[in-house]
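Student: Could you take me through one part of this model slowly, strand by strand, and then set that part beside the rest of the structure? I would like a careful, connected account that I can follow with the coordinates open.

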Amino acid sequence: MDIKIPDNVKEVIGKRGIKEADIEAVVKEAESSNKKLVKNGRNLAKKKIGDVLVYVDYDIDKGVLSKHAKVNSAYTHRIVLQHIVNADGPSGWTCAHCNEAAAFGHVQMEYMTVKRNGPAVVCAKCGDSWAEEYLATKTLAAVEGLFEKKRA
Amino acid sequence: MSEKIGETQSLCPHCLRTIPADKIAENDNVYLVKTCPEHGTFKVLIWRGVEDYRDLQRYACVFSPPEKIAVQTKGTCPEVCGLCPDHKQHTCLVVLEVTNRCNLKCPVCFASANERYKFHPTIDEIRKMYQTILDYVQHPIVVQISGGEPTIRDDLPEIVKLGKSMGIDYIEVNTNGIRLGEDLDYLRRIKDAGVSSLYFSFDGVTGDVYTKTCGKDLLEPKLRALENCRKVEMGVTLVCVVAPGINLHQVGDVIQFAKKWIPTVKGIHFQPLSYFGRYPKVPEDEDRVVLPDLLREIEKQTNGEIRFDSFIPTSCANVHCDAKSMSVLLEDGSLLPLTTRALGPPRDTKNVATKTRKEICDLWRYIEESVSTSSEEELDGTWLGFIERAKTRYLTISAMPFQDVWTVEAERLQGCCIHTVTPDGKLIPFCLFNINSLDGKTLYRHKVF
């Protein structure tokens, strides 16, 4: 399957230190395992690469001969997602693997022995969870930065 | 087993002449062994733990030398200092002494305050010293106003205002706090003038410690000063001179005490007693608290809450000059160290001095608690709450044993980033400025002031 990354997205993922090969790996695994969130043709998939959880937000264009993925965005975090704490309201996303509606909820997340809760999209059936882009690039990045900053 | 692991230059404790010195590893200790042709051989303990001593080398920074210097001749370190072309690291903190008078006369005093000489510069002389700093140091410029006791000067607010108006970015005041506990209005005025934090001498949590270090029980006056700082929201670093037999057994208590005073107290700075200025006796090895000794005591006395490996060199000064840790105070009252040796040295060891100066500016300032509009309840137990806590409920624990005439090494002097400014337009590494011989002769302090 072809993967298309528009120039403006390339710039963003470059700044975030994500390799194009990682994006390809995330999309390929999600498309073969069907473990991903879907919403009106949009897909959100994740894969652990090294110490980092890489997320790719992409659309699938189904052509006559082949289908290809158009990447909307990608982001990462190193905080480890643990168990679901609660599931509140509908998120609009569907867990493709379970074919169940995924909810907005909270997940316990751990980083460097510290455990705190954070908002996430959760599938109560399979127990999987996904951090959204705003959380990963703001709050979680700030936490990781706090630990990192103190090294220098 | 005795092995030579390095060589350097040091000073003769009697005549202060520059003499070669070997670093010798023996019985898991590191010694400086040096011989003066006139006064004989000296063997001084400088580190306990040979592997640790060597391992710290990986934290060594890429030096960024000062862009401008006052002395142009090479090869005369440390006799002609100012800084000179042999100096490797630029300035991250300038010590500006505004008097040598003091309202105490402590048995321990690096500045030998109240004796030998009088130094009490006029506003014009202080203006010249600020100008020297502005001429040689890059922004952001961090100045510590010191002494003697700076708060005996009624014109301290004017001195601070002058520095800020001339372009000094950050000013802290080194104080015993006695006047600040008695005179809330004076404290308010130095804060309003632009003092960002206090470097506040605090040697222990019981009165007998002060009887030994300061000649009288000063615990109550110290607590009054802290209470006033809390009232005016002045950030404080507790500075604890550590000596065996006096207060080494209280380092854990000082940490527990500091936790109760967060966020007024931002940090603790432990200074193992150095043998310069006024001190009780000529040191033996057992009188020496070397950096690893202090860190082991902290681990022991905090029951592992802060560990030996929670401390890393700042990588700004020489790796054997200092250690620091940074912790967040968690909801349950325990400290979570964010620093650890396990993370390894910083990836970017360039421009560390610049980063250090920025960090001092960011972290030692009193941060308003009400940064967030969310209620405490919403933040409790969340990552956002953790960030909010980290902004205000943190404690920096650092340590720097100053070099004295016994332990001094040329490469540590040349990598030094803490400099005293002098009225004759020079910047001199703080330790070198204060070092004195056995009979009290100094290379710089008594010649300059």
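Tutor: What follows is a close look at the four-stranded sheet of chain B, and then a shorter look at other parts.

Please keep in mind throughout that this is a predicted model. The sheet in question is open and has four strands, which follow one another in the order β1-β2-β3-β4 of chain B, and their pairing is antiparallel. At its edges stand β1 (2-11) and β4 (40-48) of chain B, and each has a single partner strand, so one side of each is left without a neighbour in the sheet. From one strand to the next, the twist averages 25 degrees.

Within this sheet, it helps to begin with β2 and β3. Strand β2 of chain B covers residues 18-26 and strand β3 of chain B covers residues 29-36, and the two pair in the antiparallel sense over six bridges. Two of the partners can be found by name: K23(B) has L32(B) of β3(B) as its bridge partner, while A25(B) has V30(B), also in β3(B). β2(B) and β3(B) form a hairpin with two residues between the strands, and here N27(B) takes a positive phi near 50 degrees.

On the other side of the discussion stands the pairing of β3(B) with β4(B), which is again antiparallel and runs over eight bridges. Here Y31(B) finds its bridge partner in L45(B) of β4(B). These strands, β3(B) and β4(B), also form a hairpin, with three residues between them. As general background, strands of a sheet pair through backbone hydrogen bonds, either parallel or antiparallel.

Chain B also holds an open sheet of eleven strands, in the order β12-β11-β13-β10-β9-β8-β7-β6-β5-β14-β15, and the pairing there is mixed. Its edges are taken by β12 (335-337) and β15 (427-429) of chain B, each with a single partner strand, so one side of each lacks a neighbour in the sheet. In this sheet the twist averages 25 degrees from one strand to the next. Towards the β15(B) edge, strand β14 (residues 418-421) of chain B pairs with β15(B) in the antiparallel sense over three bridges, and H419(B) has P429(B) of β15(B) as its bridge partner.

Turning to helices of chain B, the axes of α5 (residues 184-193) and α7 (residues 219-232) come within 10 Å and cross at roughly 50 degrees. The two helices, α5(B) and α7(B), are therefore oblique to each other, and their crossing is right-handed. From α5(B) the contact draws on L184(B), L187(B), R188(B) and K191(B), and from α7(B) on N228(B), K231(B) and V232(B). By character, the residues of this contact divide into three nonpolar, one polar and three charged.

Chain A, finally, is divided into domain 1 (2-77) and domain 2 (80-149), and the C-alpha centres of these domains of chain A lie 18 Å apart. Between them, 13 residues of domain 1 of chain A are in contact with 14 residues of domain 2 of chain A. On the domain 1 side, β2 (37-39), β3 (42-49) and β5 (67-77) of chain A each supply at least two of the touching residues, and the largest share, four residues, comes from β5(A). That side of domain 1 of chain A divides into five nonpolar, four polar and four charged residues.

Conventions:
Residues are numbered from 1 along each chain as its sequence is written. Chains are lettered from A and ligands numbered from 1 in the order in which they are written. This is a predicted model: local features need pLDDT of at least 70, side-chain atom pairs count only at pLDDT 80 or more; totals for chains, interfaces and linings use all residues. Axes are lines fitted to C-alpha atoms, for helices over the stretch in contact, and angles run from 0 to 180 degrees between N-to-C directions. Angles under 35 degrees count as roughly parallel, over 145 as roughly antiparallel, 65 to 115 as roughly perpendicular and the rest as oblique. A crossing is left-handed if the near helix is turned anticlockwise from the far one by less than a right angle, and right-handed if clockwise. Two residues are in contact if their C-beta atoms, placed from the backbone, lie within 7 Å. Ala, Val, Leu, Ile, Met, Phe, Trp, Tyr, Cys and Pro count as nonpolar, Asp, Glu, Lys and Arg as charged, and the others, Gly among them, as polar. Two strands pair if DSSP finds at least two bridges between them. Domain bounds come from an automatic or database domain assignment.
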